[in-house]
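Thank you all for making time this morning. I would like to walk you through one structure slowly, and I will try to say at each step what we can and cannot read from it.

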Amino acid sequence: MLLNASFGIGSTLVIANLYYCQPILIQLSASFHVTYDEVARIPTLVQAGFGIGLLFITPLGDMLRRRQLILLLVVFSATLTIGLAITNNLLVFEIISFLIGLTSVTPQILIPLAADLAPPARRGSAISIVLSGYLLGILIARVLSGIVANFTSWRIVYCVSIGVQSIVLGGAYMLLPDYPVKNRDLSYLGIFRSMAKYFVTEPLVSQIMLTNWAASACYTNWWVTLTFLLGGPPYNYSTVVIGLFGLVGMLGVIAMPFFGRLLDRLVPWWSIIISTLLLLVFQAVQTGAGGINIAAVVISCFGLDLFRQTQTVSLSTLIFSISETARSRLNALTIISLFLGQITGTPVGTDVFVGYGWRANSALFMAMYVFQLVVFIIRGPHCPSNRWYGYEGGLEFWKILPSKQSHLITSNDPESAGCVDVVCIEKSDAKGGVDELR
């Protein structure tokens, strides 16, 4: 538990690097003597660097020692932040911002590592703690940056960031275990070949990526259009009041680890279905009364945050069960689908909201939740891994206890035709996992 908590805190403090710049863009514009349009490139460059890092750096967790990789990334990001604090040139600031985004992918290396270190019966709890830290970092960074810059200077924000990352570096050096390399013979190009092969040949990977794409689009749309809804009639709230709704979302994130133990007991397919159904219910509340009653907005805000995180943890637990030697690559595929969802949700949601109103926007994304349910219902909870649809293996709700595995596993071949997913999952944890795709 202590190690998982330290992973969560580390994720909070590192992912904050991506969001310090957002509340201080006006100050940056004045300091560099440029227009708002020019400083608006900075958040885009940070996110672009992060996206490239997700694709090209995080899969390295399957072929390198992750302790050394994480320490190196934190050293780079902390050193680069010194440049942000002292530069007087916008171009230099933009280049460094891109590089900091590139090197701030540590949380996405920690999530598969937490899954590797946790026993099978506690894997959901471990992932939920790290993921909650990741999401809290996004929320806390904006608040901290705005407050510090308001009372001092934007440069102090980055001085604080240097100190924070130095603390992360010290903590990582003392606490990070030196987990052995899982794929010594895997080449860098082989990483990308295997990622493409997983997507094409593993039905579960495609299913999870489609669901995660749609869920990310819904979640991004919610937070983007919430500002428009609350800032216009009938609410006409100020920016400060609108910002407080982030605290409501934060409550949902904080509550997530308490659901982790329950997720450890449920078959992931069922927890995904239940989470998605509840997301549909809370989106329906928003569709029915979000534009006329603020209580509906508060309820939807809490519920959509909480069960989106529950859904994310369940999706991660399920995709990590495919192969214990490829978790960094599988995690990279999950995050790529999440980014594609963000790219979809923001423009589509904004266009529909502006053109047709809040109710049409909310109804559209209700349909997206229905789409997610359809994608997962096609394959049952224990459908064989090589089948694109079907309900072979039944509808068992609870995970099989380790003490009962010996009665179910009859073959040493995890890809045998009669092996259902839940048995393969438990077996991979005990015997070494599904053979890696090359």
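Let me start with the cysteines, where a search of the whole structure turns up zero disulfides. As a reminder for those who are new to this, a disulfide is a covalent bond between the sulfur atoms of two cysteines. Two of the cysteines are worth a look on your screens: C159 counts as partly exposed because its relative accessibility is 42%, while C218, at 1% relative accessibility, counts as buried.

Before going further I should say clearly that what you see is a predicted model, and that we therefore need to ask how confident the predictor was. The mean pLDDT of the protein chain is 84, and 90% of its residues reach 70 or more. There is a stretch that calls for caution, however, since pLDDT stays under 50 over residues 402–438, even though the model has 66 contacts beyond four places in sequence for that stretch. Where pLDDT is low, the predicted coordinates should not be read in detail. I will leave that stretch aside for the rest of the talk.

Now to the overall picture. The protein chain has 18 helices and zero strands, and of its 438 residues, 56% are buried. If we take the contacts with a separation of 6 or more, residues 24 or more positions apart account for 81% of them. As for the outside, the protein chain exposes about 18,300 Å², and carbon and sulfur atoms supply 71% of that area.

With that in mind, let us turn to the salt bridges, of which the count comes to six. One of them is formed by the side chains of R66 and D116, with a distance of 2.7 Å from N to O. This pair links distant parts of the chain, because R66 is in helix α5 and D116 is in helix α7, which covers residues 106–117, and the two are 50 residues apart. D116 also forms a salt bridge with R327, and here the closest N and O atoms are 2.5 Å apart. Since D116 lies in helix α7 and R327 in helix α15, residues 327–356, this second pair ties together parts that are 211 residues apart in sequence.

Are these three residues buried or exposed? R66 counts as buried at 1% relative accessibility, D116 counts as buried at 11%, and R327 counts as buried at 2%. For contrast, consider the salt bridge between R387 and E392, where the closest N and O atoms are 2.8 Å apart. R387 is partly exposed, with a relative accessible area of 33%, and E392 is partly exposed as well, with 30%. Coming back to the buried group, salt bridges that share partners join R66, D116 and R327 into one network.

R327 also leads us to a proline. Although P59 and R327 are 268 residues apart in sequence, their C-alpha atoms are 8.4 Å apart in space. Where does P59 sit? Its place is in the loop between α4, residues 41–56, and α5, residues 66–86. Being in a loop does not put this residue on the outside, for P59 counts as buried because its relative accessibility is 1%. Not counting residues up to four places away in sequence, P59 touches L54, I191, M195, S328, R329 and A332.

Another buried position, this time within a helix, is T310, which is placed in helix α14, residues 294–320. T310 has a relative accessible area of 4%, so it is buried. Leaving aside its neighbours within four places in sequence, T310 is in contact with M256, L263 and S275.

Finally, let us move to the surface. Which residues make the nonpolar surface patch of about 510 Å²? They are V370, V374, I378, W388 and Y389. Of these I will describe V370, which is found in helix α16, residues 358–377, and which counts as partly exposed because its relative accessibility is 40%.

If you keep one thing from this talk, let it be the network of salt bridges that joins R66, D116 and R327, together with the reminder that all of this comes from a predicted model.

How values were computed
Residues numbered from 1 in each chain as written. Predicted model: local features only at pLDDT ≥ 70, side-chain atom pairs only at ≥ 80, totals over all residues. Heavy atoms only, no water. Helix = DSSP H or I, 4+ residues; strand = E, 2+ residues; numbered from the N terminus. Buried < 20%, exposed > 50% of the residue type's maximum accessible area, 1.4 Å probe, protein only. Contact = heavy atoms within 4.5 Å. pLDDT = per-residue confidence, 0-100. Patch = residues over 30% accessible without salt bridge, like charges linked within 9 Å, V, L, I, M, F, W, Y side chains within 5 Å. Areas by Shrake-Rupley, 256 points an atom, 1.4 Å probe, with all protein chains shown as cover. Salt bridge = Lys/Arg side-chain N within 4 Å of Asp/Glu carboxyl O. Disulfide = S-S within 2.5 Å.
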